[in-house]
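Welcome to the tour! Open your viewer, get your selection tool ready, and follow along one stop at a time.

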Amino acid sequence: MTAGRSHPALAFTRPSTARMYSYYLGGSAWFEVDRAAAEAVLRSAPDAGVVARENFLFAGRAAAWAAKTHGIGQVLDVGAGILSGVPLPSVEDHVHQVCPGAVVVGCDNDPVVLAHARGLRPGYKRILEGDVRDLDTIFGNPDLKTSLNVAERMVVVLAAVLHFVADDQVKGVVDNLRQRLAPGSVLVMSHATSSATDRRRVSGMELAYVDATSRIYFRTEEEIADLLIDWDAVDPPALCDVGRWGLPTPRDGQSGRHVRVVGMAAVLPDSRHGRVRTPGGAR
Ligand SMILES: C[S@@+](CC[C@H](N)C(=O)[O-])C[C@H]1O[C@@H](n2cnc3c(N)ncnc32)[C@H](O)[C@@H]1O
């Protein structure tokens with residue numbers, strides 16, 4: 001944080017992406033300004049709360065699947081979000097259920113998220129301040145290096161974060177991340193999509209975020225898949241609605257009708273690890 005200038009997320013007159021998400025999830029960490037903006041989203045997409053919960057569960061389900069199936073004992077959860085009052089298992093809960101010894105580190109650029117996580121997420125070994133748009137702030141943080149071995153494979157979770165990164169930066173972020181990770185690392189990613197949704201609903205949601213701490217950038221499924229073109233998508237299901245990813249039948253999760261968030265897991269190519277394994281039936 002720059003001395004003498006307040007962080008945008010501490011301007012409580014402005015909606016924050018993290019606190020709006022808390023509102024969708026039925027959490028308790030939001031103010032009137034966040035509620036008003038989140039309600040504007042819900043007017044455009046009445047199923048935004050359902051889809052937010054499906055996204056939240058996808059992040060944990062996919063991270064746990066990746067850690068267990070690929071035998072990876074370290075997870076970096078970028079864009080940690082606020083769990084206060086949310087009655088759902090977190091990324092670290094899911095991971096520790098299948099890999100009790102795994103080290104999970106959280107990261108976010110919102111000081112309110114950091115404050116909540118420091119008190120209330122004991123499953124995180126650490127929570128770091130860092131901005132995904134400048135990966136030096138994350139990978140250059142000495143606290144990261146004392147918790148995670150960056151030379152070894154890790155699971156990186158970027159759930160519902162990249163749609164807060166502008167068009168001229170987003171591909172650079174993913175490419176830069178690729179260069180920092182050991183081959184065989186797994187990226188778990190989800191993103192709001194404009195594909196197969198009503199354009200007016202998307203515009204309404206984009207408008208609701210215009211004054212927030214970050215704008216939201218809906219992208220087509222092709223644009224989202226292209227971000228990870230250099231990775232080996234776990235296939236099936238590759239990119240699909242988060243409510244369906246890794247579940248035995250589509251009925252087990254819900255897909256959005258008004259707003260869609262799609263997710264995938266992808267492996268940083270490494271011939272030593274052979275064929276990519278599929279998550280069918282992952283829980
Ligand atoms: C919609 S929430 C998603 C939370 C969680 N990843 C999930 O999917 O359940 C987005 C989170 O990303 C964080 N975020 C937004 N832009 C970010 C950035 N540039 N760098 C790091 N975190 C960011 C927000 O503060 C918020 O906590």
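Start by selecting the ligand: the space it takes is the largest pocket. Keep in mind that this is a predicted model.

Next, show the residues around the ligand. There are 20 of them, and the closest are Tyr21, Asn55, Gly79, Asp108 and Ala159. Try colouring this shell by class: you should find 10 nonpolar, 6 polar and 4 charged residues.

Which elements give two or more residues to the shell? Select helix H1 (17–24) and helix H3 (48–70) to see them. H1 gives the most, with 3 residues.

Now zoom in on some atom pairs. Select Asp131, where a polar side-chain atom lies 2.9 Å from a nitrogen atom of the ligand. Move on to Asn109: one of its polar side-chain atoms lies 3.4 Å from a ligand nitrogen atom. At Gly81, look at the backbone instead, where an N or O atom lies 3.1 Å from an oxygen atom of the ligand. How much of the ligand's accessible area does the protein cover? On its own the ligand has 600 Å², and the protein covers 96% of that.

For the last stop, leave the ligand and select helix H8 (residues 167–180), where Asn176 is found. Is Asn176 buried, exposed or partly exposed? It counts as partly exposed because its relative accessibility is 29%, and partly exposed lies between under 20% for buried and over 50% for exposed. Add Arg180 to your selection: its side chain makes a polar contact with the side chain of Asn176 (2.6 Å). Finally, select Ala45, which is 131 residues from Asn176 along the chain; their C-alpha atoms are separated by 33 Å.

Note on methods:
Residues numbered from 1 in each chain as written. Predicted model: local features only at pLDDT ≥ 70, side-chain atom pairs only at ≥ 80, totals over all residues. Heavy atoms only, no water. Near = heavy atom within 4 Å. Polar contact = N/O pair within 3.5 Å; in protein donor to acceptor, adjacent residues only side chain to side chain. Areas by Shrake-Rupley, 256 points an atom, 1.4 Å probe, with all protein chains shown as cover. 1 Å grid on protein atoms, 1.4 Å probe; cavity = no way out; pocket = protein on both sides within 12 Å on 5 of 7 lines; lining within 4 Å. Sits in = over half its atoms within 2 Å of the grid points. Helix = DSSP H or I, 4+ residues; strand = E, 2+ residues; numbered from the N terminus. Nonpolar A, V, L, I, M, F, W, Y, C, P; charged D, E, K, R; others polar. Buried < 20%, exposed > 50% of the residue type's maximum accessible area, 1.4 Å probe, protein only.
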